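Here is a guided walk through one protein model, with a few residues to stop at on the way. Have the sequence and the 3D view open, and follow along.

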Amino acid sequence: MTQLPDCPKCGSTYTYADDTNYICPECAHEWPQAGQIQSNEENCSVKDSNGNPLQDGDTVTVIKDLKVKGSSLVVKVGTRVKNIRLVDGDHDIDCKIDGIGAMKLKSEFVKKA
């Protein structure tokens, strides 16, 4: 029988393997099994129009005029958006745009600045 590693968080010896992770039943900590660790860039699922990975806090530039639904406002091409926040869903990016306010953008319409 193979020896499972102790929990790195609480030191418990009662860990068990589940698919690609080890799990500690005492503190509910999960961590990947050896060989399953990937770089942060490979795990990044949100990419800009050029394929560059995006992260929270990045600055992006809008590459296409975007109409704001429910109003007559337009986000013009070349608008710089600072300090983005990545979210799950159809629209990947939460941000604030000067003169417009809080917006949700799709990552396919921006490029990393």
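Asp19 counts as exposed, because its relative accessibility is 74%, above the 50% cut-off for that label. To find Asp19 in this predicted model, look in the loop between β1 (16-18) and β2 (21-23). Its backbone deserves a glance too: phi of Asp19 is near 55 degrees, a positive value in a residue other than glycine. Most residues other than glycine have a negative phi.

Which other loop residue can you set beside it? Try Asn83, which is not a glycine and also has a positive phi, of about 55 degrees. Asn83 sits in the loop between β7 (80-81) and β8. With a relative accessible area of 57%, Asn83 is exposed.

Now step back to the whole chain. The protein has one helix and eleven strands, and from the N terminus the order is β-β-β-α-β-β-β-β-β-β-β-β. Of its 113 residues, 27% count as buried. If you take the contacts between residues at least 6 apart in sequence, 34% of them join residues at least 24 apart.

From there, move on to another aspartate. Is Asp92 buried or exposed? Asp92 is buried, and yet it has no salt bridge. The nearest side chain of opposite charge belongs to Lys106, 8.1 Å away; a salt bridge would need a side-chain nitrogen of Lys or Arg within 4 Å of a carboxyl oxygen, so Lys106 does not form one with Asp92. Asp92 lies in the loop between β8 (85-86) and β9 (93-97). Setting aside neighbours within four places in sequence, Asp92 is in contact with Val46, with Arg85, Leu86 and Val87, and with Leu105, Lys106 and Ser107.

Two of those contacts, Leu105 and Lys106, lead us to the last stop, as both also line the largest pocket. How much space lies in the largest pocket? About 280 Å³. Its lining is made up of Leu66, Lys67, Val68, Lys69, His91, Met103, Lys104, Leu105, Lys106 and Phe109. By character, these lining residues divide into five nonpolar, one polar and four charged. Both β5 (66-67) and β10 (101-105) supply at least two residues of the lining, and the largest share, three residues, comes from β10.

Note on methods: Residues are numbered from 1 along each chain as its sequence is written. This is a predicted model: local features need pLDDT of at least 70, side-chain atom pairs count only at pLDDT 80 or more; totals for chains, interfaces and linings use all residues. Side-chain values use heavy atoms; hydrogens and water are left out. Helices (H or I, at least four residues) and strands (E, at least two) are DSSP runs, numbered from the N terminus. Buried means under 20% relative accessible area, exposed over 50%, partly exposed in between (1.4 Å probe, protein chains only). Lys and Arg count as positive and Asp and Glu as negative; His and the chain ends are not counted. Contact means heavy atoms within 4.5 Å. On a 1 Å grid over the protein atoms alone, a cavity is a set of points where a 1.4 Å probe fits but cannot get out, and a pocket is an open set with protein on both sides within 12 Å along at least five of seven lines; lining residues have an atom within 4 Å of a point. Grid points are joined across faces, edges and corners, and a volume is the space filled by probe spheres set on the points. Ala, Val, Leu, Ile, Met, Phe, Trp, Tyr, Cys and Pro count as nonpolar, Asp, Glu, Lys and Arg as charged, and the others, Gly among them, as polar.
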